[in-house]
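The paragraphs below lead through a few helices and sheets, one after another, and are best read with the structure open alongside.

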Amino acid sequence: MSTAVVDAGVLSARGRRAPVRLLGLATLTVVPLLFPFGYLLWQALAGGWQGVLPAGRLAELALNTLLLTGLVVIGAVVIGFGTAWLTTRTDLGGARMWSTVVALPLVIPSYVLALVLLTGTGRQGILSGMVVALGGDPLPIPRGLLGAVLALVVSTFPYVHLSLVPALRRVDPALDEIARALGAGRLKRLRTVLLAQVGPALRSSALLVGLYSLADFGAVSLLGYDTFTRAIFLQYAGRIDRRPATLLAAVLVLIALAVIGLERSTRPPRSERKGRVVRPGSLHRLSNGRRFAAVTFLTLLVATSVGVPVAVLAAWWVRGTAAGRETVAVWSEVGRSISVSIGAALAVAAIAIPIAVLVTRYRSRLGAVLEASAWTVSALPHLTVGLALLLVGVTLLLPLYQTLPLLFVAYVTMFLPQALGPTEAALREVSPNLEEVSRSLGQSPLQTFRRITMPLIGKGVLTGAGLVFLTTMKELPATLLLRPTEFETLAVRIWSTTSEGFYTRAAFASLVLIMISAVPMHFLVSRDLRHA
Amino acid sequence: MPDTAITCIGIGKRFGPTIALDDFHLDVDEGDFHTILGPSGCGKTTALRIIAGFDQPESGTVRVGSQLVAGPSLMVPSERRRVGMVFQDFALFPHLDVEANVSYARNIRPGQVARLLELVGLSGLERRMPHQLSGGQQQRVALARALAPEPRVVLLDEPFSNLDAALRSHVRDEVKEILLEAGTTALFVTHDQEEALSLSDRVSVMAEGRIVQTDRPADLYRQPESPWVASFLGEADFVRAHAEGGTALSSLGSFPTSLQGACQLMIRPENVLLFADAEGPGHVISRQFFGHDQLVSIALAGGERLRARLGPAPDFQAGERVSVKVDEAVVFPL
């Protein structure tokens with residue numbers, strides 16, 4: 001006699017075999033994302049190791065990159081944990097307001113922060129001017145490691161904050177109360193109770209910050225700190241021989257893959273993410289003195305990470321214009337950036353839909369593989385995405401070399417999960433029963449999708465498109481490598497004018513970029529690091 | 001003999017290692033209100049989904065009317081089966097108003113939507129959105145929507161379990177009336193015995209992936225084919241007996257049977273009468289008093305337990321000795 005134990009209704013909603021057409025469509029969109037990296041790694045191997053790079057160069061770059069990554073992780077985690085703890089576990093109040101404000105630095109790309117450091121310090125620097133007025137010496141320009149760490153900590157601590165806030169909210173107060181009843185002191189409770197519960201989120205956000213530092217190109221290249229990305233770009237720009245750049249990019253891809261794998265394995269399990277409803281914990285009560293200190297800390301943090309950069313850029317631009325330096329209209333760059341970003345947003349959102357349907361509506365191993373590939377590939381350094389596609393373009397698809405379609409492939413590679421996340425979430429909200437009822441009322445699968453599913457997931461798809469729009473606006477390294485000649489976006493213009501020393505033009509373009517990205521800011525705030 | 005609206009023959013379906021349906025047979029007569037009744041997890045929803053065309057069976061065939069809709073290497077898609085569906089959560093399209101929901105199907109005859117809204121008593125609410133309706137109203141919209149394209153059969157998956165208890169019996173009667181009025185065959189799935197017995201023309205009891213008995217509600221209740229079905233349908237106690245020459249004998253009387261040898265009697269509490277009797281063979285163990293009736297548990301001389309459902313009087317006390325009279329019993333092999 002057979003047994004039937006589980007509620008088969010629930011199972012079967014997801015247990016159906018996916019239609020072949022859908023599988024084909026999804027495969028067709030994801031394979032181009034994987035191929036260039038395979039090709040890059042193969043080319044690097046085929047090119048051989050010997051004599052491609054000067055002896056010790058690889059070790060030197062690895063050491064520099066590791067040093068930068070380590071320092072940024074420590075800085076971002078300390079600050080991000082601090083802000084998250086203050087806003088969730090104390091009676092500071094205004095948690096929602098602070099969380100929004102603390103996430104503001106996300107609108108400022110790292111290469112703009114580099115520009116801020118370059119224009120704020122030195123003998124002509126605006127911040128130096130203020131220090132001198134107070135009787136001090138002008139601030140030295142923080143080139144190299146110091147500047148890179150500063151810029152990257154400011155761009156990454158909000159990620160730590162955003163991923164720790166939900167983890168800290170989920171902390172079960174009962175455990176702390178039991179520990180207290182068992183006589184554990186404050187330090188022991190912090191270690192055994194609090195850190196044990198937020199540990200997974202903390203580790204995972206630290207690894208993601210590490211990945212970000214590893215991948216950053218804008219700040220390190222403008223501040224002249226010698227890491228993999230900077231070396232790859234210099235090798236690529238300066239030489240006819242592609243082998244050194246290819247080899248370095250391959251090594252960087254492998255390192256990034258290792259970090260991504262580590263992050264996957266330490267990510268908190270699903271059950272913990274969704275979580276049961278826990279009673280909100282009793283909040284740590286702040287004395288008046290400490291409350292004042294906490295508010296001061298948060299205010300100063302936001303001021304230095306958002307207020308100061310904007311003020312420095314604005315002041316530099318005003319001073320430059322007053323001194324007669326031309327600003328050069330960036331409106332054609334703005335137009336190009338906006339249209340290319342809208343195009344990327346629409347393309348990525350459209351490509352995400354069949355994959356999201358496959359993942360949420362069917363039990364398909366291929367779907368899971370496709371989704372995991374999209375996430376992995378998107379986490380690889382953008383410079384390597386650019387280089388891998390460039391390599392494919394130059395050697396295999398010459399007609400596509402330096403064309404917009406190739407650039408769009410890069411955008412899909414880098415940003416697909418940003419559209420996938422909200423689209424999948426929206427699909428999970430739509431009961432499969434609705435689609436089944438529609439079918440039973442005589443409508444075909446396509447009609448059902450058009451009349452029922454699409455109207456109901458529209459908001460999620462738009463959210464995804466909005467995220468892709470924002471990140472495409474700011475994207476630098478891949479755009480720099482793959483854009484058609486003379487196709488200057490806002491980001492490329494900021495980078496090139498900064499590296500050539502035209503700070504006034506760069507400052508103006510940066511202000512415009514920040515303003516455009518700041519408008520739909522709430523998109524980014526509501527999402528955690530994986531989506532941001 | 002009436003035509004059959006649905007015929008399932010030997011359907012098998014598994015999900016991974018779990019067997020949901022195993023040699024499942026079902027015949028639903030044209031015009032009937034037919035119910036599949038079974039405990040949760042018995043596979044009844046899977047059966048409904050296979051008939052609707054949402055899932056594909058691994059073996060066996062499904063006919064709707066005379067059309068073969070699922071079988072070896074054949075799977076007619078849901079949209080070409082003319083089978084209506086009402087889900088437990090009603091599954092109203094949240095972005096469409098009442099009228100748009102009801103008129104959603106393809107090939108609706110002109111005037112049909114207004115006629116159905118009238119039938120389900122929702123005329124005047126055409127412009128309401130689903131979230132502006134009460135649970136009972138949502139239920140009726142779902143029903144009207146399923147009936148609009150004039151399906152050959154309507155399937156209802158636990159349609160009353162999302163309604164609160166006070167509303168349920170009222171909505172139940174309404175739905176039954178609407179379906180009678182529309183003259184549509186209905187196949188309905190539930191785990192609620194009372195619901196199944198009170199609503200249906202015929203009930204199929206399901207366990208572990210197959211139908212174990214199909215009958216009219218009264219026959220099913222009074223003549224269950226197995227002790228399991230008996231217990232599943234209502235309160236039942238079992239008492240040992242011995243059968244010989246067409247009669248099962250026990251301390252509680254004799255009952256006709258075709259069995260021979262050791263057997264057991266299935267006795268429902270409402271068929272048991274108790275009389276206060278100091279010399280009686282049983283004594284009262286406990287009593288639950290409900291007002292309109294009382295449930296009295298007694299122990300018989302051999303230690304066997306029996307329950308009696310009686311009117312509010314007499315006032316039985318624990319320990320009191322009683323004599324027992326059983327009006328009706330079903331004999332099962334041991």
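In this predicted model, strand S10 of chain B, which runs over residues 202–207, is mostly covered, since five of its six residues are buried. Strand S10(B) has a partner strand in the parallel sense in strand S3 (residues 33–37) of chain B, and four bridges join the two; across this pairing, B:His34 stands opposite B:Arg202. Strand S11 (residues 210–215) of chain B also pairs with S10(B), here in the antiparallel sense and over five bridges. Within that antiparallel pair, B:Ser204 has B:Thr214 as its bridge partner, and B:Ala207 is matched with B:Arg210. The two strands S10(B) and S11(B) form a hairpin with two residues between them, and in the turn B:Glu208 has a positive phi of about 45°.

These pairings belong to a wider arrangement, an open sheet of six strands in chain B whose order is S7-S8-S9-S3-S10-S11 and whose pairing is mixed. Strand S7 (83–86) and strand S11 of chain B stand at the edges with a single partner strand each, so one side of each is left without a neighbour in the sheet. From one strand to the next, the twist of this sheet averages 20°.

Chain B holds another open sheet, in which five strands follow the order S14-S13-S12-S15-S21 with antiparallel pairing. Its edge strands are S14 (253–256) and S21 (330–333) of chain B, each of which pairs on one side only. Direction ignored, neighbouring strands of this sheet are turned by 40° against each other on average. Inside the sheet, strand S12 (residues 237–244) and strand S13 (residues 247–250) of chain B run antiparallel and are joined by three bridges, with B:His242 standing opposite B:Leu249 in S13(B).

Turning to the helices of chain A, a description of how they pack needs two quantities. Two packed helices are described by the angle between their axes and by the distance between those axes. For helix H2 (residues 20–47) and helix H17 (residues 382–395) of chain A, the angle is about 80° and the axes are 8 Å apart. H2(A) is therefore roughly perpendicular to H17(A), because angles of 65 to 115 degrees are counted in that class. On the side of H2(A), the contact is made by A:Pro36, A:Phe37, A:Tyr39, A:Leu40 and A:Gln43, which meet A:Leu387, A:Ala388, A:Leu389, A:Leu391 and A:Val392 in H17(A). By character, the residues of this contact divide into nine nonpolar, one polar and no charged.

Helix H14 of chain A, spanning residues 288–322, bends by about 40° at A:Ala303. What are the buried residues of H14(A)? They are A:Ser305, A:Val306, A:Pro309, A:Val312, A:Leu313, A:Trp316, A:Trp317 and A:Gly320. Their spacing can be read against the geometry of a helix in general. An α-helix has 3.6 residues a turn, so residues three or four places apart point the same way. The buried residues of H14(A) pack against four named helices of chain A, namely H5 (110–120), H6 (126–133), H7 (145–170) and H23 (503–518). After H14(A) comes A:Gly324, whose phi is positive, near 90°.

Terms used. Residues numbered from 1 in each chain as written. Chains lettered and ligands numbered in written order. Predicted model: local features only at pLDDT ≥ 70, side-chain atom pairs only at ≥ 80, totals over all residues. Axes fitted to C-alpha atoms, helices over the stretch in contact; angles between N-to-C directions. Parallel < 35°, antiparallel > 145°, perpendicular 65-115°, else oblique. Contact = placed C-beta atoms within 7 Å. Nonpolar A, V, L, I, M, F, W, Y, C, P; charged D, E, K, R; others polar. Bend = angle between axes of the 7 residues up to and from the residue. Buried ≥ 20, exposed ≤ 12 C-beta atoms within 10 Å, placed from the backbone. Pairing = 2+ DSSP bridges.
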